[in-house]
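Let's take a walk through a protein structure together, starting from the outside and working inwards. Keep the picture in view and turn it as you read.

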Amino acid sequence: METVHAGPKVLVVVNSRPSSLRRMRPWLEESGLDLVVVVGEEGLPDDLGSFDGLIMLGGGLMPDDDDRAPWLARERELAAEAIAGDIPTLGVCLGAQILAHVAGGEVRAEYGTPERGATPVFVTEQGADDAVLSPLSPVAHVIENHQDMITRLPDDAVLLASSEACVNQAFRLGRHVRGVQFHPEAGALDLEKWDDAALAAAGLDKQQLVEAALVHEQESAARCARLATAFAAEVVASRVARVG
């Protein structure tokens, strides 16, 4: 575990070592959060009792892929605890899929059209009114990198954003639990680390993806920074309300 500085404490679950907080880390730290970053395969806390918020990052797994990733069972328990307690939560890609799975939605592997690189995401009317997702309204180009998909949201979820290829891009459970299929933590230059051969096999050119993402990078970064700051503000406000 790695602790940064004092403040409302947020557990950050890393499901794949390359999928770190990246640019979101300074945005969250500067907003006053104490980030406790844990790599899933090294073990997760028993519960969220000492935490004020939860962030679950991405990885090339399904939410119940326990044979490949045994820690997912505990991560699902933490997600269920966050949902039940309406603890400020942000699930990213796999993290969003875990939230949907735990709450009764459906996630399907290798379903539909894969999304890679900067992708326009359209914010719904409910998303435009959402405290965390509203900075992306009405449309934002954000980084996508998935072929698994949330095909059905939980019955009580609120749809916050969609893309052309993936309806369930962002959603909210309760007041404070949110999942996003896209990657607000990733910028255009992060695409340079993607596997050339894998992209070529899918008929994609990495340099073209990078160049297309760079066109929108400045605005995308500004919008995602506001999203991160808004999430941090919700964590702070929730803690203040809880401890009085």
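The surface that the chain exposes comes to about 10600 Å², and carbon and sulfur atoms supply 49% of it. Keep in mind that this is a predicted model. Charged side chains are part of the picture too: 20 are positive and 38 are negative, and the centres of the two sets lie 3 Å apart.

Now step back to see the overall shape. Along its principal axes, the C-alpha atoms fill a box of roughly 55 × 40 × 35 Å. A compact globule of 244 residues would have a radius of gyration near 18 Å, and the chain's 17 Å agrees with that. Within this shape you can look for six helices and 12 strands. Of the 244 residues, 53% are buried. Among contacts with a separation of 6 or more, 74% join residues that are 24 or more positions apart.

One stretch carries a label from a record. UniProt, in an unreviewed entry, places the feature "domain: Glutamine amidotransferase" at residues 48-186. This span is 19% helix and 32% strand, and its end C-alpha atoms lie 26 Å apart.

Let's look next at helix 3, residues 94-102. Seven of its nine residues are buried, so the helix is largely enclosed by the rest of the structure. The buried ones are Leu94, Gly95, Ala96, Gln97, Ile98, Leu99 and Ala100. Just after helix 3 comes Gly104, which takes a positive phi of about 105 degrees.

Which residues does Leu173 touch, leaving out those up to four places away in sequence? They are Ile83, Asp86, Leu99, Ala103, Pro154, Asp156 and Ala157. You may recognise Leu99 as one of the buried residues of helix 3. Leu173 itself sits in strand 11, residues 170-173. Its relative accessible area is 4%, and because anything under 20% counts as buried, Leu173 is buried. Its contact partner Ala157 is 16 residues away from Leu173 in sequence, yet their C-alpha atoms are 5.0 Å apart in space.

Our last stop is His183, in the loop between strand 12 (177-180) and helix 5 (196-201). Is this loop residue buried or exposed? His183 is buried, with a relative accessible area of 9%. Setting aside neighbours within four places in sequence, His183 is in contact with Val92, Cys93, Ile143 and Asn145.

Conventions. Residues are numbered from 1 along each chain as its sequence is written. This is a predicted model: local features need pLDDT of at least 70, side-chain atom pairs count only at pLDDT 80 or more; totals for chains, interfaces and linings use all residues. Side-chain values use heavy atoms; hydrogens and water are left out. Helices (H or I, at least four residues) and strands (E, at least two) are DSSP runs, numbered from the N terminus. The radius of gyration is taken over C-alpha atoms; the globule rule is 2.2 Å times the number of residues to the power 0.38. Buried means under 20% relative accessible area, exposed over 50%, partly exposed in between (1.4 Å probe, protein chains only). Contact means heavy atoms within 4.5 Å. Accessible areas come from the Shrake-Rupley method with a 1.4 Å probe; for residues, only the protein chains shown count as cover. Lys and Arg count as positive and Asp and Glu as negative; His and the chain ends are not counted. The place of a charge is taken as NZ of Lys, CZ of Arg, CG of Asp or CD of Glu. UniProt positions are given in the numbering used here, feature names are shortened, and annotations may be inferred rather than shown by experiment.
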